[in-house]
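User: Please take a close look at the sheet in this model. I would also like to know what surrounds it.

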Amino acid sequence: MTSQNGLLRVENLAVRAQMGGRIFYIVEQTSFSLGRGEILGLVGESGSGKSVTCRALLRLLPGANLSIAEGQVIFDGRDFTAMSEPEIRAERGSSIGMIFQNPASHLDPVMTIGDQVAEAITRHRDVSKKEAWDQTIDLLRQVGIPDPTRRARQYAHEFSGGMKQRAMIAAALACDPKLLIADEPTTALDVTVQAQILKLLMELRDKRGLSIILVTHDLGVVAQVCDSIAVMYGGRIVERGPKRDVLKAPFHPYTARLIACQPAHGTSGELLPSIQGQPPSAGNMPEGCRFHPRCDLAVAACREKVPSLTERAPTHLAACPVTEARA
Ligand SMILES: Nc1ncnc2c1ncn2[C@@H]1O[C@H](COP(=O)(O)OP(=O)(O)O)[C@@H](O)[C@H]1O
Ligand SMILES: [Mg+2]
């Protein structure tokens with residue numbers, strides 16, 4: 001979370017939903033930053049607002065009833081929230097590439113893999129068909145697809161899950177973006193393939209200086225791959241900081257529970273503890289700290305006021321009045 005050398009700065013982002021006359025917030029007061037070549041792990045249970053946050057960066061919200069209500073997204077010195085629609089459209093894919101959990105649903109079944117990557121190139125760049133095709137083969141090779149000249153002529157159904165995700169990564173990198181948003185990119189893959197894709201992402205960071213936002217609910221993945229972590233709960237970041245610090249000494253009880261619920265080495269087969277209760281749903285948030293109904297440490301203040309993030313160690317912030325008072 002370096003401020004110098006920064007690539008992305010998200011300030012006080014809020015996403016609002018409108019449903020049947022009701023208005024509520026899905027993401028609130030979300031701020032974080034990302035340096036060049038940094039990998040940020042965005043973690044939290046399902047429904048915590050990770051995908052909506054990522055999509056908000058590119059103003060690609062997953063519903064017409066959603067809108068950015070507040071905040072700024074400063075990418076490479078430019079404010080994405082202040083751009084016109086054609087301007088932001090030009091940034092999608094060229095400044096920031098995105099990949100998702102289920103590559104199959106984002107690939108066209110009746111177009112060859114190569115044509116889809118080539119199309120991602122020609123969408124933003126004025127190059128000949130031949131140049132686009134050559135670059136496609138090169139990209140497929142860079143993402144570890146063997147025999148790329150032959151594979152480029154095949155269709156999605158001829159690719160395994162891991163190879164499909166590699167093809168999606170190639171398409172996302174087609175215009176050499178500085179940031180890749182990977183939303184649960186390995187959740188649908190088996191463990192061996194998952195490890196290969198994570199290794200590829202790290203290689204791409206090392207070789208291209210690519211910054212990555214890696215959305216995952218798996219802290220094991222974060223521990224392996226990321227430099228920094230932001231933990232989301234109920235549409236807010238409740239803790240963020242350098243990976244080592246957050247995993248070693250979490251200050252938010254939710255982060256501590258997530259870590260405790262993570263399978264450790266050699267404990268496979270044992271029943272893991274889980275966090276009691278359900279996460280709150282958007283439009284139905286408890287007052288005060290969103291986590292207080294499930295928190296062992298909650299005191300009266302937690303029910304009354306949403307705690308703000310405070311710095312506990314250099315660049316390590318958490319939003320919990322109880323652990324703050326103890327320090
Ligand atoms: N179009 C929409 N209208 C209303 N609520 C939505 C809409 N899209 C997503 N949500 C809600 O926003 C919350 C955050 O969703 P999401 O960002 O997809 O969570 P995550 O990626 O962390 O699992 C969820 O409670 C979800 O139900
Ligand atoms: Mg999601």
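Here is the request in detail, followed by one connected answer.

User: What is the strand order of the open sheet, and which strands stand at its edges?

Analyst: A caution to begin with: this is a predicted model. The open sheet has eight strands, and its pairing is mixed. The order runs β6-β7-β8-β3-β9-β10-β12-β11. β6 (96-99) and β11 (310-313) are the edge strands. Each has a single partner strand, so one side of each is left without a neighbour in the sheet. From one strand to the next, the twist averages 20°.

Now one pair within that order. β7 spans residues 179-183 and β8 spans residues 211-216. They run parallel, joined over five bridges. Within the pair, Ile 181 faces Ile 213 of β8.

A helix packs on the sheet too. This is α10, residues 253-260. α10 touches β3 (39-43), β9 (228-233) and β10 (236-242). Its direction makes about 105° with that of β9.

Strands β6 and β7 also help to cover another helix, α6. Helix α6 takes in residues 161-172, twelve in number. From first C-alpha to last, α6 reaches 16 Å, close to the 16 Å expected at 1.5 Å a residue. Eleven of the twelve residues are buried, so α6 is mostly covered, with 20 or more other C-beta atoms within 10 Å as the mark of a buried residue. Among the buried residues are Met 163, Lys 164, Arg 166 and Ile 169. Besides the two strands, the cover includes helices α3 (113-124), α4 (129-142) and α7 (191-208).

Technical notes: Residues numbered from 1 in each chain as written. Chains lettered and ligands numbered in written order. Predicted model: local features only at pLDDT ≥ 70, side-chain atom pairs only at ≥ 80, totals over all residues. Pairing = 2+ DSSP bridges. Helix = DSSP H or I, 4+ residues; strand = E, 2+ residues; numbered from the N terminus. Axes fitted to C-alpha atoms, helices over the stretch in contact; angles between N-to-C directions. Contact = placed C-beta atoms within 7 Å. Expected span 1.5 Å × (residues − 1).
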